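Work through the exercises below with the sequence and the structure side by side, and try each task before reading its solution.

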Amino acid sequence: MDEPAVESGPLKILIADDSDSDRLILKTLLRRLGHLVLDAANGEEAVALFRSGAPDLVLLDAMMPAMDGLEAAQEIKRLAGERMVPVIFISSLSEAEDLARCLEAGGDGFLSKPYNRVMIKAKINAFNRMRLMHQALSDQRDLMHERNRQLLEEQYVARRVFDNVAHTGCLDAPNIRYHASPLSVFSGDVLFASPRPAGGMLVFTGDFTGHGLPAAIGAMPVAETFYGMASKGFDGSDILQEINQKLVRILPKDMFCCGTMLEADFTLSQLKVWNGGLPDGWLVRASGEGFSLPSRHLPLGILNADEFNADMEIIRTLPGDRLILMTDGVLECSSEEGQPFGEQGVRRAVESAASGQHPFDALMNAIQGFTGRQKFGDDLTLCCLEMVDQEGLSALPEGTAPSTLAGPTEWKCVYEIRERTLGEFSPLPLLLHICMEVPGLRRKSGEIYTLLSELYNNALEHGVLELPSEWKYTPEGFGRYYSERTARLSMVSGHYIRFSFHHEPKQWGGRLRVVCEDSGQGFDFENHPVLQATEMAQSGPRYAGRGLVLLKRLAESIRFHEQGSRVDIIYDWYF
Amino acid sequence: MVDKPHLDKEALAELRDVMEDEFEMLIQTYLVDSKERIDSLKGAAMAGDSDAFAKTAHSFKGSCINIGAPRLGELCRNAEKIGQNENLAEVPPVLEAIEYEFQQVTEAFGALMERGTG
């Protein structure tokens, strides 16, 4: 209670006594003490006055005609409900049994005749203290209930706001299974999945330190960054760097976010993984073999940009391989005896999964069996992504509806990146952004991104870095390809990649011309099998070949110049 | 037997202190009230209702003690016990004693009032 209890404050006191003289004495005594008095000559009158007058305290003669004091006390206590109204019996009763009956009827104490001024004053003060204490307690309890109700309401509102930012992305895709409570964001867990403009998926699982609103607030910028960047074509590594930098800036020192980023490329059958502080991820091969993917980084929101390493591990996969991500909540699930599920629990569940059983089901069943009758849920997030054929995925929606704004229709633009920047920066999101200013192209963001990334990767890897694509098709070559790529990127000198765009409106829509030039040696496009074959069937997943097939399928025309180091593409779009 | 004084001077002094101007009215109220109670006692005795007799005696006792008439209070206590024990044979003498003592108390209060006002 905010105000101190004022003992001497006037109280409204109900007295009931059938003796007129006694009532007169008591009434006068109480008035002299500064209280307001309601008086009744029997039990019935007392109850009626209690209803109409709502007194703070009641003094009742035990024996009265027309409803005696005991009955009146019971009725008054019933009417008072949760309100604490002390009922004191005035009595010259002396038998223990009689006194006990008074207490059973709801009496809180006694006052004996003859009246004694000092005694009456002391008793009233004592019972008033008790009343105020009870009032303070029940006020606090009500306040707590109210605060709790408010908190829950706020959480639901916050959850709705969060859902608008985070939505479920492509978590409902047929190759993703997950368990995440709708309110798990308040235990600090987040789970996002987004398709990439050129195909493939990004999945991010995070676990913020702390609970409640602080943990949930950190989740907002992460969600916005993830979905915003993923839809613009940034890769997992770019997004991790951005999230890390943002969290370092906004989170207090003792708060950070453990997380795992997963980048799946279904056409290359390749997974990229980054784990900073979360429990081991698990790669479960279609054959049933399991490999753990331990954390190799500090959580997000700790290191400054120059110390932060966003390099992702690259894993070759086959269709049917599955990757499981989880937050601490999985390891912390406890049995009825209080034992934690732990890493052994996960390992056992994954490794002992029956053949044909989905590892996600195996793990969920194991957790359920382990925790028994205890509930688990809000602070446990589990996600499983399955590698599939790109064709196996239903087509992604065609982006946003065209804007009513006309946007630029006639423009040219040249963008060139040079030297070390080639190894440090991907121009694709920026280039995509420029093209997306044209409303007609916005619906085609996937195709445009694919065109640009094929052109750029081809120019970089085969033109500038001169990496032979054949390397990628053997397990040994695969590793060599990527380590060589990193090594060569760090030594790039005297090179550039230049994009020239030209967009013009047509009666039927618009035409985008993209010329991509690089400073490399070019390649023998005259003899390239794909460029010569009339049917586009491929004998294997030949990367360069696949890229060219894609370009041919998407573009109106494609022309190679100068030993293939200049590619000229025309892309038409229709109203 | 009963050896308490008709009036408790000390208690009355305190009552006068509390009641101030209303003291006289209080005494009048008590006297009117008491007459009614004596009538109730007689009625209960005639009806042979020992429970009503005991309860009335109990209440009467309380007001006597409060007003400062201890001897009458003590007689009421005896009457309450007789009623509780359903000892109706002893009712007439105690009723008689109560009526007599009430006369004494009334006179004593009368003298007190005269002194008080005079």
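The exercises that follow concern a predicted model, and each one is solved step by step.

**Exercise 1.** Describe the secondary structure of chain A, and state what share of its residues is buried.

Solution. Begin with the elements: chain A has 17 helices and 20 strands. Turn next to burial, where 38% of the 575 residues of chain A count as buried. Finally, look at the contacts in chain A with a separation of 6 or more, of which 68% are between residues 24 or more positions apart.

**Exercise 2.** Find the residues with the most contacts inside the largest nonpolar core, and follow Ile324(A) to the residues it touches.

Solution. The largest nonpolar core is made of 68 residues, and those with the most contacts inside it are Val203(A), Phe226(A), Leu262(A), Ile324(A) and Leu363(A). Its largest share, nine residues, is supplied by helix 6 of chain A, which spans residues 212-231. A second, separate core has 61 residues, including Leu70(A) and Val87(A) as well as Ala44(B) and Ile67(B). Returning to Ile324(A), and leaving aside residues up to four places away in sequence, its contacts include Gly281(A), Trp282(A), Val284(A) and Leu363(A).

**Exercise 3.** Work out the strand order of the open sheet of five strands in chain A, and identify its edges.

Solution. The five strands lie in the order 16-17-18-20-19, with antiparallel pairing. The edges are strand 16 (411-418) and strand 19 of chain A, each of which pairs on one side only. From one strand to the next, the twist averages 15 degrees.

Start at the first-named edge, where eight bridges join strand 16 to strand 17 (residues 496-506) of chain A, and where Val414(A) stands opposite Ser500(A) in strand 17. Helix 14 (residues 445-464) of chain A packs on the sheet, touching strands 17, 18 and 20, and its direction makes about 10 degrees with that of strand 18.

At the other edge, five bridges join strand 19 (residues 557-561) to strand 20 (residues 566-574) of chain A, and Arg559(A) stands opposite Asp568(A). The hairpin of these two strands has four residues between them, and Glu562(A) takes a positive phi near 45 degrees there.

**Exercise 4.** Which helix of chain B gives the most to the side that touches chain A?

Solution. Count the contact first: 18 residues of chain B are in contact with 16 residues of chain A. Helix 1 (9-19), helix 2 (23-47) and helix 3 (50-67) of chain B each supply at least two residues of this side, and helix 3 gives the most, with nine. By character, the residues of this side of chain B are eight nonpolar, six polar and four charged.

Definitions and conventions:
Residues are numbered from 1 along each chain as its sequence is written. Chains are lettered from A and ligands numbered from 1 in the order in which they are written. This is a predicted model: local features need pLDDT of at least 70, side-chain atom pairs count only at pLDDT 80 or more; totals for chains, interfaces and linings use all residues. A nonpolar core is a set of buried Ala, Val, Leu, Ile, Met, Phe, Trp, Tyr and Cys residues joined through C-beta atoms within 7 Å. A residue is buried if 20 or more other C-beta atoms lie within 10 Å of its own, exposed if 12 or fewer, and partly exposed in between; C-beta atoms are placed from the backbone. Two residues are in contact if their C-beta atoms, placed from the backbone, lie within 7 Å. Ala, Val, Leu, Ile, Met, Phe, Trp, Tyr, Cys and Pro count as nonpolar, Asp, Glu, Lys and Arg as charged, and the others, Gly among them, as polar. Two strands pair if DSSP finds at least two bridges between them. Axes are lines fitted to C-alpha atoms, for helices over the stretch in contact, and angles run from 0 to 180 degrees between N-to-C directions.
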